[in-house]
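Please look over the sequence and the structure before reading on. The paragraphs that follow lead through confidence, strand pairing, one surface patch and the cysteines.

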Amino acid sequence: MLDGVKMEAKSLIKFKDLDEPDDIHFGIIFNDDRILCLCCGGWVEPGHYEIIEDYNGFEYLEETLKEYF
């Protein structure tokens, strides 16, 4: 729970950090629209990012990670 809200992951996304517009990252977007950045492990708040691609869930994510790691 974060700030009294039950955190539920919605989807894997590719996003642009608007504070560093040349940086493209992957992350996990949660039900409160915060993104957990997979580059640094930090939170990116709504209004500070632009979603480039929404992968609509997590299908194949585990299989992909197992293949490479």
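**Confidence and fold of the model**

Among the elements of the protein chain, strand β3 (residues 35-37) has the highest mean pLDDT, 97, and helix α1 (residues 61-68) the lowest, 88, where pLDDT is the predictor's confidence in each residue, from 0 to 100, and where helices (H or I, at least four residues) and strands (E, at least two) are DSSP runs, numbered from the N terminus. The protein chain averages a pLDDT of 91, and 94% of the residues score at least 70. This is a predicted model, in which local features need pLDDT of at least 70 and side-chain atom pairs count only at pLDDT 80 or more, while totals for chains, interfaces and linings use all residues. Residues are numbered from 1 along each chain as its sequence is written, and side-chain values use heavy atoms, with hydrogens and water left out.

The five strands form an open sheet with antiparallel pairing, in the order β4-β3-β2-β1-β5; two strands pair if DSSP finds at least two bridges between them. At the edges are β4 (43-44) and β5 (49-54), each of which pairs on one side only. Strand β1 (residues 9-17) is joined to strand β2 (residues 24-30) by seven bridges, the two running antiparallel, and a hairpin of six residues leads from β1 to β2. Within this pairing, Ala-9 stands opposite Phe-30 and Ser-11 opposite Ile-29. Strand β1 is also joined to β5, again antiparallel, by five bridges, and the bridge partner of Lys-16 in β5 is Glu-50.

Turning to the surface, Phe-26, Leu-38 and Tyr-55 make a nonpolar patch of about 280 Å². Patches are made of residues with over 30% relative accessible area and no salt bridge (a side-chain nitrogen of Lys or Arg within 4 Å of a carboxyl oxygen of Asp or Glu), with like charges joined within 9 Å and nonpolar side chains (Val, Leu, Ile, Met, Phe, Trp, Tyr) within 5 Å. Tyr-55, placed in the loop between β5 and α1, is partly exposed at a relative accessible area of 32%, given that buried means under 20%, exposed over 50% and partly exposed in between (1.4 Å probe, protein chains only).

How many disulfides are there? With a disulfide taken as a pair of cysteine sulfur atoms within 2.5 Å, the count comes to zero. Cys-39 is in no disulfide, its nearest cysteine sulfur, that of Cys-37, being 4.8 Å away. The sulfur of Cys-40 is not bonded to that of Cys-37, its closest cysteine sulfur, because the distance of 4.0 Å is too far for a bond. Cys-39 counts as exposed at 55% relative accessibility, and Cys-40 counts as exposed at 61%.

Note on methods
Accessible areas come from the Shrake-Rupley method with a 1.4 Å probe; for residues, only the protein chains shown count as cover.
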